[in-house]
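Here is my note for you to read alongside the model. Please keep the sequence at hand as you go through the points.

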Amino acid sequence: MVELSTDQQQADKKAHAIDMQSLGRVKQDLDIESETTCLDISGLDLFYDDKQALYDISMNIPQKRVTSFIGPSGCGKSTLLRTLNRMNDLVDGCRVSGKILLDDQDIYAKGVNVADLRRRVGMVFQKPNPFPKSVYENVAYGLRIQGINKKRILDEVVEWALKGAALWDEVKDRLHESALGMSGGQQQRLVIARTIAVEPEVLLLDEPASALDPISTLKIEELINDLKSKYTIVIVTHNMQQAARVSDYTAFMYMGKLVEFGDTDSLFTNPKEKQTEDYITGRYG
Ligand SMILES: Nc1ncnc2c1ncn2[C@@H]1O[C@H](COP(=O)(O)OP(=O)(O)OP(=O)(O)O)[C@@H](O)[C@H]1O
């Protein structure tokens with residue numbers, strides 16, 4: 001094998017790396033140490049029966065920022081995301097050890113009300129999953145479950161949440177039509193409206209745009225950017241350009257381990273770990 005000089009290695013790295021400027025990204029000066037922590041993950045292991053899927057994950061997810069999880073298929077991105085609102089409780093044979101603190105309270109402690117946790121930490125999946133109900137009832141759903149049925153309050157929240165999800169103008173004249181008649185991109189924004197209607201602190205997005213066309217994807221990315229002033233957002237994405245476009249912080253995972261976590265500009269332009277560099281320059285994955 002031919003040995004490359006350091007200069008050649010740097011040039012080679014640059015040639016393969018994502019061009020952050022061409023993505024329209026404005027460089028940010030962020031420092032994880034100076035952020036307020038929203039979710040503090042420490043020593044997290046996860047098993048599906050005997051198979052370990054997460055190994056000793058520790059990281060602080062900052063408040064009101066967008067954090068992306070990236071890495072090759074099967075590295076544990078969705079598994080880690082699902083630990084953050086205990087969605088994995090629904091999987092038979094799944095065991096977790098370690099700690100996850102949300103605002104300093106351990107979400108795995110005995111006595112935690114999981115329904116309340118999932119209201120505080122809302123989740124949006126890859127495939128839009130509106131209920132077979134009207135647009136209005138989809139958004140009002142979480143409030144009705146909480147026993148809120150006053151029309152005036154529901155009207156207000158439905159309008160507020162649909163505006164927050166950048167969907168109001170498109171649906172205000174068809175609020176009582178079925179949500180199933182909407183486009184995929186509109187359905188995904190409706191699901192986001194349904195999630196924010198109950199005022200969560202955290203939004204977990206699991207490949208939220210991967211089933212959508214490029215224009216709908218762009219709308220979701222713009223929406224993520226708008227929502228981060230109010231919510232802590234964690235997104236799993238296969239698409240590195242998307243992670244580079246939307247996120248403030250990025251975590252690179254490989255085979256169930258957290259390889260590197262840092263601000264997105266540094267991770268993509270000057271990764272500390274060789275495995276991260278290999279992944280972002282397309283050498284594997
Ligand atoms: N419900 C489950 N039961 C058993 N094993 C599972 C389950 N869900 C995931 N796994 C395994 O855990 C590992 C991590 O999977 P996970 O879906 O979290 O990875 P990922 O990085 O999100 O992958 P992808 O990008 O393909 O969605 C994989 O080996 C997967 O096969």
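The points below go from the annotated region to the sheet, the core and one helix.

1. This is a predicted model, in which local features need pLDDT of at least 70, side-chain atom pairs count only at pLDDT 80 or more, and totals for chains, interfaces and linings use all residues. Residues are numbered from 1 along each chain as its sequence is written.

2. The unreviewed UniProt entry carries the annotation "domain: ABC transporter" for residues 39-280, and such annotations may be inferred rather than shown by experiment. Over residues 39-280 the chain is 37% helix and 27% strand, where helices (H or I, at least four residues) and strands (E, at least two) are DSSP runs, numbered from the N terminus.

3. An open sheet of four strands follows the order β2-β1-β4-β5 with antiparallel pairing, two strands being paired if DSSP finds at least two bridges between them. Its edge strands, β2 (51-62) and β5 (105-106), each pair on one side only. Strand β1 (residues 37-48) is joined to β2 by eight bridges, and T37 stands opposite P62.

4. The largest nonpolar core (buried Ala, Val, Leu, Ile, Met, Phe, Trp, Tyr and Cys residues joined through C-beta atoms within 7 Å) has 67 residues, and I233 is among those with the most contacts inside it.

5. In helix α4 (residues 135-145), the buried residues include V135, V139 and L143; buried means that 20 or more other C-beta atoms, placed from the backbone, lie within 10 Å of a residue's own. The cover over the buried residues of α4 includes α3, α5, α6 and α7.

Note on methods: Buried ≥ 20, exposed ≤ 12 C-beta atoms within 10 Å, placed from the backbone. Contact = placed C-beta atoms within 7 Å.
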